[in-house]
Amino acid sequence: MANDREVLREIWDGKLPICFQLAQEEIMEIQQPDAFYVMVPRLSYFPLVTDKMKRHFLRYISQENSDSEMWLDYNGQPLKWHYPIGFLYDLLCGNDPQLPWHLTVHFTKFPEDVLLHCNNKDVVEAHFMSTVKEADVLKHRGQVMSTMQKKDHNQLWLGLQNDKFDQFWAINRRLMESHGDNEGFKHIPIKLYSDDGTCSQRLVSPKNNDGSRKTLQQMVAELYPDKHDVQLRTHGVIIPSDTPLQWLSEHMSYPDNFLHLCVF
Amino acid sequence: MGDEKQTDNVPSDLSNATESLKIEGDQKENGDASKSDKVKIDILLKATGNAPIMKKKKWAVDAEKPIGWIMEFVKKYLKLEADEKLFLYVNQTFAPSPDQLVKNLYECFGTDGKLVLHYCKSQAWG
């Protein structure tokens, strides 16, 4: 079970300064809108933290576009709202950090082939809860989520949405417990991303065949037998290669209970 | 698994749809994937709730395809209206993201050489 509470807190408190600017082609007023600066939690999702920013820019755009779906890009790359913010930054800026992170706001030309639609926060909630369930299937055959009550699921979501560490972890700790005789999860929920954004998901055990704890290095050797010097980044840090996977999963997973690791 | 194996051809009125979607019926048994350029994964589509049953349930799908593509395929096969919803579930537990790749789900949740997906027209498992 997760017990390095300071690590959990540190990860939870991670924030990114972001500078939003309205795309030039959207501006319909003579006066240029000011950029919108905001600190956002790394663990959150863009649709949960952009209400104010959207209101700020709405009065500068054409009225006919005011009801269309807002979307964001970094350097011409549309940002997927269903990935955690901190992960998107690590993926797109990890090798070349820039702060604040400059993002462009759009209300037209929604890139249908790249982004999923997100009309309201319920869509984010559905995606989040489904990912937590998927992680629990990998860890505990889905038994923890299925025995929880609806109010526990709500508390998990509201804890994330409202940035309440204690509220979230009061429930999430149950998802981080090991079951059965052995310590450790059945499998580690993990998503590995190459720098072009391709996600690879593999079935990874927290243990080696001899029963010893599997480290990050050992997993990398198994998954990338031909590559050398593979490094993995999450939450803005390069993970030491001798970190046990079980510990990593319990402490460095995103709220959706998955490890999101950038491979480079 | 024998009773799940479908040998019938795609009904003629669906041939256009299936052709344009470039989905291939499962004509052969395991192990032939290496012969073609693209790796195919067997998926088994099972109806649940109020969803109509598909006559052909087992399909071989390009491993690199996203789940959203399968959703569109099933919607076309079942002749659903564009605004009708379709939900896909893995392990009768969670709904994968439409941009999740078939190979990732197969890697983690495949059983007996295939990936089982349940589909329905309303939310079945939250």
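1. Which side chain of chain B meets A:Arg202 in a salt bridge? In this predicted model, the partner is B:Glu107, and the nitrogen-to-oxygen distance between the two side chains is 3.4 Å. This pair belongs to an interface between chain A and chain B across which two salt bridges are found, together with six residue pairs in polar contact.

2. The side of chain A that touches chain B draws at least two residues each from helix 5 (121–140) and strand 7 (199–200), and helix 5 of chain A gives the most, with six residues. By character, the residues on this side of chain A divide into six nonpolar, five polar and five charged.

3. Turning to the extent of the contact, 16 residues come from chain A and 16 residues from chain B, and the area buried between the two chains is about 1,400 Å², with carbon and sulfur atoms giving 53% of it. Within chain A, the residues that lose the most area to chain B are A:Lys133, A:Val137 and A:Gln201, which together account for 34% of what that side buries.

4. Away from the interface, it helps to recall that nonpolar side chains in soluble globular proteins tend to be buried together. Here the largest nonpolar core holds 74 residues, among which A:Phe20, A:Phe46, A:Trp101 and A:Met219 touch the most other members, while helix 4 (residues 85–93) of chain A supplies the largest share of this core, six residues.

5. A:Phe46 is worth inspecting in the structure: leaving aside neighbours within four places in sequence, A:Phe46 is in contact with residues including A:Ile18, A:Phe20, A:Leu72, A:Trp81 and A:Trp101. A second, separate core of 34 residues includes B:Ile41, B:Val61, B:Ile70 and B:Phe109.

How values were computed
Residues are numbered from 1 along each chain as its sequence is written. Chains are lettered from A and ligands numbered from 1 in the order in which they are written. This is a predicted model: local features need pLDDT of at least 70, side-chain atom pairs count only at pLDDT 80 or more; totals for chains, interfaces and linings use all residues. Side-chain values use heavy atoms; hydrogens and water are left out. Contact means heavy atoms within 4.5 Å. Buried area is the accessible area (1.4 Å probe) that two parts lose on being put together, summed over both. A salt bridge is a side-chain nitrogen of Lys or Arg within 4 Å of a carboxyl oxygen of Asp or Glu. A polar contact is a pair of N or O atoms within 3.5 Å; within protein, one must be able to donate a hydrogen and the other to accept it, and residues adjacent in sequence count only if both atoms are side-chain atoms. Helices (H or I, at least four residues) and strands (E, at least two) are DSSP runs, numbered from the N terminus. Ala, Val, Leu, Ile, Met, Phe, Trp, Tyr, Cys and Pro count as nonpolar, Asp, Glu, Lys and Arg as charged, and the others, Gly among them, as polar. A nonpolar core is a set of buried Ala, Val, Leu, Ile, Met, Phe, Trp, Tyr and Cys residues joined through side-chain atoms within 4.5 Å. Buried means under 20% relative accessible area, exposed over 50%, partly exposed in between (1.4 Å probe, protein chains only).
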